[in-house]
Amino acid sequence: MLVRVAATKDVAIGQMRFVDVAGAKVSLADADGHVFAFDNICTHQGCSLAGGELQGTTVTCPCHGSQFDVASGAVLRGPALRPVRCRSVQIQGEDVLVEA
Ligand code: FES
């Protein structure tokens, strides 16, 4: 099921924002014009990834510096060991829809 979470105008290139997807905390990131969605909680010790830094498709956790690929969820740098869950994103007109 896809859930509308934002308008396309609310997701700026190179920026992240936190949204609620059916009760789950999810980050939206516009990396180079593509919108990605991934669970907001860092798999290391639970910090908010939306509060981190986005460079290209890499998000850096603000707490201990773990890095994740926002397209796949893969860990690029520890201390985190487990990937974050990524969710499907669809753009329909001016709406951003994310897999619940
Ligand atoms: S909580 Fe994210 S790196 Fe530690």
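**Disulfide, cysteine burial and an antiparallel sheet**

At a relative accessibility of 38%, C63 counts as partly exposed in this model, which is predicted. The residue takes part in a disulfide with C47, the S to S distance being 1.8 Å, and a search of the whole structure finds 1 such link. The two cysteines belong to distant parts of the chain, 16 residues apart: C47 lies in the loop between β4 (34-39) and β5 (53-55), whereas C63 lies in the loop between β6 (58-60) and β7 (67-69). The angle about the S-S bond is -95 degrees, and the link of C47 and C63 is accordingly left-handed.

In contrast to the partly exposed C63, its partner C47 has a relative accessible area of 17% and is therefore buried, since the cut-off for burial is under 20%. Two further cysteines are likewise buried, C42 with a relative accessible area of 3% and C61 with one of 5%.

Elsewhere in the chain, 3 strands are arranged as an open sheet in the order β1-β11-β10, with antiparallel pairing. The edge positions are taken by β1 (2-7) and β10 (89-92), each of which pairs on one side only, and from one strand to the next the twist averages 30 degrees. Strands of a sheet generally pair through backbone hydrogen bonds, in either a parallel or an antiparallel manner. Between β1 and β11 (residues 95-99), which run antiparallel, 5 bridges are found, and R4 stands opposite L97 of β11.

Notes. Residues are numbered from 1 along each chain as its sequence is written. This is a predicted model: local features need pLDDT of at least 70, side-chain atom pairs count only at pLDDT 80 or more; totals for chains, interfaces and linings use all residues. Side-chain values use heavy atoms; hydrogens and water are left out. Two strands pair if DSSP finds at least two bridges between them. Helices (H or I, at least four residues) and strands (E, at least two) are DSSP runs, numbered from the N terminus. Axes are lines fitted to C-alpha atoms, for helices over the stretch in contact, and angles run from 0 to 180 degrees between N-to-C directions. A disulfide is a pair of cysteine sulfur atoms within 2.5 Å. Buried means under 20% relative accessible area, exposed over 50%, partly exposed in between (1.4 Å probe, protein chains only).
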